[in-house]
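Take a walk through this structure, from the whole chain down to single residues. Keep the 3D view open as you read.

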Amino acid sequence: MSFPFSLLWPPSSKDDSPSAKTPEASVPFSMTDVFLFSIIIGLLTYWFFFRKKKEEVPDFTKIQEKTTNEGSFIEKMKKTGRNIVVFYGSQTGTGEEFANRLAKDAHRYGMRGMSADPEEYDLADLSRLSEIDKSLAVFCMATYGEGDPTDNAQDFYDWLQETDADLSGLKFAVFGLGNKTYEHFNAMGKYVDKRLEELGAQRIFELGLGDDDGNLEEDFITWREQFWPAVCEHFGVEATGDETSIRQYELVVHTDISPDKVYTGEMGRLKSYENQKPPFDAKNPFLAPVSVNRKLNQGGDRYLMHLELDITGSKIRYESGDHVAVYPANDTSLVNQLGEILGADLDMVISLNNLDEESNKKHPFPCPTTYRTALTYYLDITNPPRTNVLYELAQYATDATQQEHLRKMASSHTEGKSLYLSWVVEARRNILAILQDTPSLRPPIDHLCELLPRLQARYYSIASTSKVQPNSIHICAVLVEYKTKTDRINKGVATSWLKNKQPNENGHKSTVPMYVRKSQFRLPFKPSTPVLMIGPGTGIAPFMGFIQERGWLKQQGKDVGETVLYYGCRHENEDYLYKEELAKLLKEGALTQLNVAFSRDQPQKIYVQHLLKKNKENVWKLIHEGNGHIYVCGDARNMARDVQNAFYEIVAEYGKMNQQQAVDYVKKLMTKGRYSLDVWS
């Protein structure tokens, strides 16, 4: 860091000046000259140092504040009488939600808990947690992407890898949030659990492994109901029997407030959508105008779309393979129905203020705002609510049978879990559907807003390259819309919203709040390295950018290796995405080989993995002799697994290996960064 000159070089004092030290010295100047000269030097000194301070000291102060404003979580715990801290690594909000629930549980056992974002604290202080009596650190850690930590847990992960701290006084427990369809299931939770033990910490309860491909909520509840008895036994405490609901926030109604002080959907800074300032990120998204929004498919019962977001002047930079995050808005019809069923004035300006004044989280969402804004931009009203929401809301059901029904689903009993799974999860009942099907349940809207999780950004693989389109980011998406078991039509929040984002709405430019999230899904450093891409359906998105970039490199005179694509769709004449563009790229030589599987154009279904096996000799040469890189994008549950199995078969046959050797060969490719995945479930 460069410091202002005035902070590093003290101004000369009068006693240090030559004239002060040697007043009798013979000099070729008169006393008047010396006097005038001294005044000039003095003025110049004053101008130089004070001007520099005025300009540069504020920046220095700002930097200082940034590094010291969070303080120590140990000091905060001591000050507020807490003895349990629950850290969360969360990308979509679920890890944070689970951490809040565990922290809230503590009062039932005569303890006090706080949830904490590891990004806001120095985790080296874990070695001091034993200074607090009966203290415990719990970690709710989600795994993101291919075994990576979430953004907010990256620093914690780096610290764990590098530290040799003595954590022998630390008591801990870990609950991991993952998805079994991914290669590195719960990698972060497993690593934190293992590493803390290696550093000398004492595990007081076994590692919990939540699976989002199954029932993450049930996994958490099952772990939690065994976790607390273990805590009680270890610390010699007992459950207080206090099952009362504790409000975390208090409602403040603003009757006389300037509209300039009310949030209208901004994620961070007030009025940030009116006065946009880079850099743009999760807390400061850029409002990108939609320049193109067109339907991609020619027929069928689905709606696939291509959007182009204009990022001119934003200073946003992206690479092929990165993700674009967009902040959607809930359907106004759902918002209005919620207001109506609860008898609420949606345009009332309110704040929900944390009752814990020491908490870093002052509000559950940006405040002050209106209920309408909160339900439209800040809260998730379309996903089935978790059991803790049902538990808290049950007290407001005036019908005893309906209240019991809600409490049962929120219980940890087998029957209750089964009822929650069938009545809420499988039936895909959102909060509006639950209120409609539970007529006596009419909670205060402020408590409902306190309980609902935050509406999260949606991530899409960017379907363009900045080498060709530096001021435009392309999105390829499929509209989510389905009928539930209760005959309701559920619509995907983001895709329904994006579909309606036409370039010009009533003469106004339609905009999308967005930012770019960097990815590890990258083209090889050497353009001459062959690439083999497998991306059926919307999984083709990042490969449109890859192919365009390889074509651009070729135009620059670079030696570009083979660029091979395996693409799949249902019918050639219905949902063959980017058909004309791919044909053009193939003709120009940007794409050297195009293999397309039309799964339903013949009696027997043909998928991308079948084409890989059909061309197995060429595939083997590409990866073994050509040292090619493999990229897979799309569905994690079936496609990615089937493609991986196809590679096992090809490697076993042409590499003359047994099954285990073939598996090890492919895993080694992954370790070396030669087999990359960008998949979702």
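Helices and strands here are DSSP runs, numbered from the N terminus, with at least four residues for a helix and at least two for a strand. The model is a predicted one. By that count, the protein has 22 helices and 25 strands. Of its 681 residues, 49% count as buried. Consider contacts between residues at least 6 apart in sequence: 75% of them join residues at least 24 apart.

Start with a loop residue. F521 sits in the loop between β20 (511-517) and β21 (531-534). Is F521 buried or exposed? Its relative accessibility is 2%, so F521 counts as buried. The cut-off for buried is under 20% relative accessible area. What surrounds F521, beyond its neighbours within four places in sequence? Its contacts are S320, G321, P542, F543, F546, Y631, V632, C633, S676, L677 and D678. Y675 is 154 residues from F521 along the chain, yet their C-alpha atoms are separated by 9.7 Å.

Now the helix pairs. Two packed helices are described by the angle between their axes and the distance between the axes. Take α5 (residues 94-105) and α8 (residues 216-235). Their axes lie 12 Å apart, at an angle of about 30°. That angle makes α5 roughly parallel to α8, because angles under 35 degrees count as roughly parallel. The crossing of α5 and α8 is right-handed. On the α5 side, the contact uses T94, F98, R101, L102 and D105. On the α8 side, it uses L216, E217, F220, I221, W223, R224, F227 and W228. By class, the residues in the contact of α5 with α8 are 8 nonpolar, 1 polar and 4 charged. The general geometry of a helix helps in reading such lists: an α-helix has 3.6 residues a turn, so residues three or four places apart point the same way.

Next come α6 (residues 154-162) and α7 (residues 187-198). Their axes come within 11 Å and cross at roughly 40°. The pair α6 and α7 is therefore oblique. Which hand does the crossing of α6 and α7 have? It is left-handed. F156, Y157, L160 and Q161 of α6 make the contact with M188, Y191, V192, R195 and L196 of α7. The classes in the contact of α6 with α7 are 7 nonpolar, 1 polar and 1 charged.

The third pair is α12 (residues 400-409) and α13 (residues 414-426). Here the axes come within 7 Å, and the crossing is at roughly 105°. So α12 and α13 are roughly perpendicular to each other. From α12, the residues H405, K408 and M409 meet E415, G416, L419, Y420, W423 and V424 in α13. The contact of α12 with α13 divides into 5 nonpolar, 2 polar and 2 charged residues.

Stay with α13. Its buried residues are G416, K417, Y420, W423 and V424. What do the buried residues of α13 pack against? Their partners are α8, α11 (387-393), α12 and α14 (431-437). Just after α13, R428 has a positive phi of about 50°.

Turn to the annotated positions. The unreviewed UniProt entry places the feature "binding site" at R302, T538, S599, R600, K605, I606, Y607, V608, Q609 and D642. Two of these positions, R302 and R600, deserve a look. R302 is in the loop between β9 (286-295) and β10 (304-310). Its relative accessibility is 29%, so R302 counts as partly exposed. Apart from neighbours within four places in sequence, R302 contacts K295, N297, V478, R570 and D575.

R600 is also a loop residue, between β23 (593-598) and α19 (608-614). With a relative accessible area of 39%, R600 is partly exposed. Leaving out neighbours within four places, R600 is in contact with R570, H571 and K605. R570 is thus a contact of R302 and of R600.

Finish at K621, in helix α20 (residues 616-625). K621 has 41% relative accessibility, so it counts as partly exposed. Where is Y654 relative to K621? The two are 33 residues apart in sequence and 9.1 Å apart in space, C-alpha to C-alpha.

Definitions and conventions
Residues are numbered from 1 along each chain as its sequence is written. This is a predicted model: local features need pLDDT of at least 70, side-chain atom pairs count only at pLDDT 80 or more; totals for chains, interfaces and linings use all residues. Side-chain values use heavy atoms; hydrogens and water are left out. UniProt positions are given in the numbering used here, feature names are shortened, and annotations may be inferred rather than shown by experiment. Buried means under 20% relative accessible area, exposed over 50%, partly exposed in between (1.4 Å probe, protein chains only). Contact means heavy atoms within 4.5 Å. Axes are lines fitted to C-alpha atoms, for helices over the stretch in contact, and angles run from 0 to 180 degrees between N-to-C directions. Angles under 35 degrees count as roughly parallel, over 145 as roughly antiparallel, 65 to 115 as roughly perpendicular and the rest as oblique. A crossing is left-handed if the near helix is turned anticlockwise from the far one by less than a right angle, and right-handed if clockwise. Ala, Val, Leu, Ile, Met, Phe, Trp, Tyr, Cys and Pro count as nonpolar, Asp, Glu, Lys and Arg as charged, and the others, Gly among them, as polar.
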